[in-house]
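Here is a friendly tour of a protein model for your next coffee break. Keep the structure open beside you as you read.

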Amino acid sequence: MYSLRSSTAVSAVFMSARSLTRLMASIVASPPSGLMCEKVDITVTGLDKEQPVTLSATVQARDAQFQSHAHYITDSTGSVVCSRQAAVGGTFSGVQPMGLFWSLQPDKKGTRLVPRDVTQRLSVELQVHAGHVDRTSQQEPIARCVVERAFMGEGVTRTVVREGRVRGVLFLPEGKGPFPGVIDMYGTHQVQETRAALLSSQGFAVFRLMVSVFDDLPKTEAHLDSDYFTQAVDWFSAHPQVQAGGVGVVGSSFGGTLALIMGTLTDKLSSIVCLNGVTAMLPTTEFNYKGEVLPTIGFDLLRIKHTEEGYTNIIDVLDDTALDPEKCIKVENITCPIMLVAGEDDLNWKSVKMAREAVGRMQSHGKTNYDLLTYPGTGHILEPPYMPHTKLGYHPVARAVVDFGGETTAHCAAQEDLWPRMLEFLKKCR
């Protein structure tokens, strides 16, 4: 039987060991600062061998906090090297060197990691906790460090554009131009500049073309016209810092739809990347196309469903485009190369089906300069690599938190695979 004195002594030993672990443990991220689309090597040292530990990441973006965590067992040297050791639990599992970044989850459901200002870096705090705990644990960490993640590389400039009716943001890389030009667009009511900033950091002159909710533009996309887009292309392609020979266009969701329409309007495009875009005009927009209003795809709000968790599922709202092909965008008339990208688990609309139908139309007209990439387990919102997977997000048209689909590990693997393919496509199609 222990005496009070011996019990106190044992407790003191345990406390001393725990304090020693806290003093010796360290976590290092290399490089400590870099672009959001670049890899980081994370290493933990100074622990006991085969010790259970938890690594966590936390970042604040706008009014939401994003967190992730992973459980590890230290190796024979008391270390964790994320690039070669498997996580055994947490917000991801397996050997995933960047898992702490792409598995970040918001404390407010339906929130997307969109920085308020892309000129500012995000500070991601990495922590090490003894034992296997979850990301909400209040346990004092035994080691910590901060990683700075940037959207704009050194020397990249950002300038707001007000050119006639056209509005947007111009990003120019460091160095003497001219540079290959890319127009970037996102979906409905979206004004984020993350991809444009990162593309410019890869050596492109990028014009983030806005169509609503920016500067003096309307608050919705209820009325759009072809002149706005041709004027944008004419201005950007003639910019002294943009290489001659045409500009590329990258568009996500409704931005992908607009990118395809732009391809039918002008021969000044060198390439189009359409990411989970619908291939017909949406019923929420009256689009004046050279003096005529484009027909819109039908829809039925009674086809809205709800998940077991109470979120909205809108995948069946739009009518089947195959039943009314005359309403589809005339992709067969686009002369530049097209890359169609579709997530097989896109729950916003049936991206893969529509992309394959578009390929069929191009094939039937003899068009061969296209690529089709489909990704299993991938949802609707495709971001640059290592950005968190947005499975749930507020939809401004549905006015509800919508399930955009995707399984996190597969979705983020798709983002990582797509990025270099897209960069190469934009570079070679000139």
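A charge sits over a ring if NZ of Lys or CZ of Arg is within 6 Å of the ring centre and within 35 degrees of the ring normal. With that in hand, look at arginine 195: its charged end sits over the ring of tyrosine 186, 4.2 Å from the ring centre. Please bear in mind that this is a predicted model. The points below are grouped by topic.

**Charges over rings**

- Besides the contact between arginine 195 and tyrosine 186, the charged end of arginine 149 sits over the ring of phenylalanine 101, at 4.9 Å from the centre of that ring.
- Tyrosine 186 also turns up in the lining of the largest cavity, where it is one of the residues nearest the centre.

**Pockets**

- The largest pocket holds a volume of about 1000 Å³.
- Its lining is made up of 41 residues, and those nearest the centre are Thr188, Gln190, Tyr394, His395 and Pro396.
- Which strand gives the most to this lining? Strand S24, covering residues 392-395, does so with three residues.
- Sorted by class, the lining of the largest pocket contains 22 nonpolar, 16 polar and three charged residues.
- The second largest pocket has about 380 Å³ of space, and Gln105, Pro106, His389, Lys391 and Leu392 are the closest to its centre among the 24 residues that line it.
- In the second largest pocket the lining splits into nine nonpolar, eight polar and seven charged residues.

**Cavities**

- There are four cavities of 30 Å³ or more, and the largest cavity has a volume of about 70 Å³.
- The largest cavity has 13 lining residues, with Tyr186, Gly187, Gln190, Arg208 and Val211 nearest its centre.
- Gln190 therefore appears in two places, being near the centre of the largest cavity and near the centre of the largest pocket.
- Seven nonpolar, four polar and two charged residues make up the lining of the largest cavity.

**Aromatic pairs**

- How many aromatic pairs does the model have? The count comes to six.
- In one of them, the ring centres of phenylalanine 92 and tryptophan 102 are 5.7 Å apart; their planes meet at 55°, so this pair is tilted.
- Those two rings come from distant parts of the chain, 10 residues apart: phenylalanine 92 is in the loop between strand S7 (89-90) and helix H2 (99-102), while tryptophan 102 is in helix H2.
- Phenylalanine 92 is buried at 4% relative accessibility, and tryptophan 102 is buried too, with a relative accessible area of 4%.
- Another tilted pair joins phenylalanine 207 and phenylalanine 236, with 5.8 Å from centre to centre and 35° between the planes.
- Because phenylalanine 207 lies in strand S14 (residues 205-209) and phenylalanine 236 in helix H4 (residues 226-237), this pair ties together parts that are 29 residues apart in sequence.
- Are these two rings buried or exposed? Phenylalanine 207 is buried with a relative accessible area of 0%, and phenylalanine 236 is buried with a value of 0%.
- Phe207 and Phe236 also belong to one aromatic cluster together with Trp235.

**Cysteines**

- The whole structure contains zero disulfides.
- Cysteine 336 is in no disulfide, and the nearest cysteine sulfur, belonging to cysteine 429, is 8.1 Å away.
- Cysteine 336 counts as buried, at 5% relative accessibility.
- Cysteine 412 is likewise in no disulfide; its nearest cysteine sulfur is that of cysteine 37, 14 Å away.
- Cysteine 412 counts as buried, at 4% relative accessibility.

**Backbone points to check**

- Most residues other than glycine have a negative phi, and most peptide bonds are trans.
- Serine 30 and proline 31 are joined by a cis peptide bond with omega about 0°, and proline 31 is in the loop between strand S1 (26-30) and strand S2 (33-35).
- A cis peptide bond also runs from glycine 177 to proline 178, with omega near 5°; proline 178 is in the loop between strand S12 (166-172) and strand S13 (181-185).
- Tyrosine 386 is not a glycine, yet has a positive phi of about 75°; this tyrosine lies in the loop between strand S23 (370-375) and S24 and is buried, with a relative accessible area of 6%.
- Arginine 399 has a positive phi of about 55° although it is not a glycine; its place is the loop between S24 and strand S25 (400-403), and it counts as exposed at 69% relative accessibility.

Terms used: Residues numbered from 1 in each chain as written. Predicted model: local features only at pLDDT ≥ 70, side-chain atom pairs only at ≥ 80, totals over all residues. Heavy atoms only, no water. 1 Å grid on protein atoms, 1.4 Å probe; cavity = no way out; pocket = protein on both sides within 12 Å on 5 of 7 lines; lining within 4 Å. Points joined across faces, edges and corners; volume = space filled by probe spheres on them. Helix = DSSP H or I, 4+ residues; strand = E, 2+ residues; numbered from the N terminus. Nonpolar A, V, L, I, M, F, W, Y, C, P; charged D, E, K, R; others polar. Disulfide = S-S within 2.5 Å. Buried < 20%, exposed > 50% of the residue type's maximum accessible area, 1.4 Å probe, protein only. Phe/Tyr/Trp six-rings, centres within 6.5 Å; stacked < 30°, edge-to-face > 60°.
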